[in-house]
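Q: Please take a close look at one part of this model, the aromatic side chains and what surrounds them. Follow the contacts outward from there in one connected account.

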Amino acid sequence: MLNNLLFKFFSKNTGHSEMPRISRKFSQLLFWLALSLVWLPSNGFAQTECPSVNVKIQNISNNTGVIACAIFESEEGFPGKFLKYASKVMITQISGTDASFEFSDVLPGKYAISVIHDENYNGELDKNFFGVPKEGYGFSSGAEVTLSAPSFSDAEFLYDGGVLQMSIDLSY
């Protein structure tokens, strides 16, 4: 019955009562093709997660300025000279107490991340007369500031090329 409906749909009314053998095979092929497309699992078209480094910045003290997050491949320029030496830099407006960054196209390797809360939009971490930061900052791997900024090796993490989720708390 379905074959006859398909045949009527795909052919002109010629007055023939019997379908030729070729048309019948063609209509059966169309039927199975349509049925397979309808029954194709929906997850066949689902998007898979792309390899990326996902960074959630927490503990933002206010909505003034922007959050800058930078990935470094080496110790050169780490942590303060991110505009010149970081391999990837993302900047976002602040909305609430958290911010998120997704870095894609990152090759497997060793990296370190530096984050600043740039409240006055000058592209750097402002410090007082004694060198103590006046704006928020944070680093990957829980690296902390002691008498100076942490080294690249203190903030270093290994990225295997998959999906990496990490959180960085800002200190003020």
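A: In this predicted model, Phe103 has a relative accessible area of 2% and is therefore buried, the limit being under 20%. Phe101 is buried by that criterion too, because its relative accessible area is 5%. The number of aromatic pairs comes to seven. Phe101 and Phe103 make up one of these pairs, with ring centres 6.4 Å apart and 25° between the planes, an arrangement classed as stacked.

Also counted among the seven aromatic pairs is the one between Phe72 and Phe78. Here the centres are 5.1 Å apart and the planes stand at 90°, so this pair is edge-to-face, a class that requires an angle over 60 degrees. Both Phe72 and Phe78 are buried. These residues belong to a cluster linked by ring pairs, whose members are Phe72, Phe78, Tyr137, Phe139 and Phe152.

Ser114, a residue of strand β5, makes contact with part of that cluster. Among the residues that Ser114 touches are Phe72, Phe78 and Phe139. Its other contacts, leaving aside residues up to four places away in sequence, are Ala68, Cys69, Ala70, Pro79 and Gly138. Ser114 has a relative accessibility of 4%, under the 20% limit, and so it counts as buried. The side chain of Ser114 places a polar atom 3.1 Å from the backbone oxygen of Pro79.

Pro79 itself is part of the loop that runs between β2 (66-72) and α3 (82-85). The peptide bond between Phe78 and Pro79 is cis, with omega at about 0°. Phe78 thus has a role in several of the features described: the edge-to-face pair with Phe72, the ring cluster and the cis bond to Pro79.

Strand β5 leads on to the largest pocket. The space in this pocket is about 370 Å³. Its lining holds 20 residues, and those nearest the centre are Leu125, Lys127, Gly131, Pro133 and Ala149. Two or more lining residues come from each of the elements β5 (109-118) and β6 (137-139). Strand β5 contributes the most, giving three residues. By residue class, the lining consists of 13 nonpolar, five polar and two charged residues.

Beyond β6 comes the loop between β6 and α4 (152-155), where Ser141 is found. The phi angle of Ser141 is positive, near 60°, in a residue that is not glycine. Ser141 has a relative accessible area of 46%, between the 20% and 50% limits, and is therefore partly exposed.

Another positive phi occurs at Asn59, where the angle is near 75° and the residue is again other than glycine. Asn59 sits in the loop between β1 (52-58) and β2. Its relative accessibility of 46% lies between the limits of 20% and 50%, so Asn59 counts as partly exposed.

To draw the account together, Ser114 belongs to β5 and touches Phe72, Phe78 and Phe139, among others, while β5 also gives three residues to the lining of the largest pocket.

Terms used: Residues numbered from 1 in each chain as written. Predicted model: local features only at pLDDT ≥ 70, side-chain atom pairs only at ≥ 80, totals over all residues. Heavy atoms only, no water. 1 Å grid on protein atoms, 1.4 Å probe; cavity = no way out; pocket = protein on both sides within 12 Å on 5 of 7 lines; lining within 4 Å. Points joined across faces, edges and corners; volume = space filled by probe spheres on them. Helix = DSSP H or I, 4+ residues; strand = E, 2+ residues; numbered from the N terminus. Nonpolar A, V, L, I, M, F, W, Y, C, P; charged D, E, K, R; others polar. Phe/Tyr/Trp six-rings, centres within 6.5 Å; stacked < 30°, edge-to-face > 60°. Buried < 20%, exposed > 50% of the residue type's maximum accessible area, 1.4 Å probe, protein only. Polar contact = N/O pair within 3.5 Å; in protein donor to acceptor, adjacent residues only side chain to side chain. Contact = heavy atoms within 4.5 Å.
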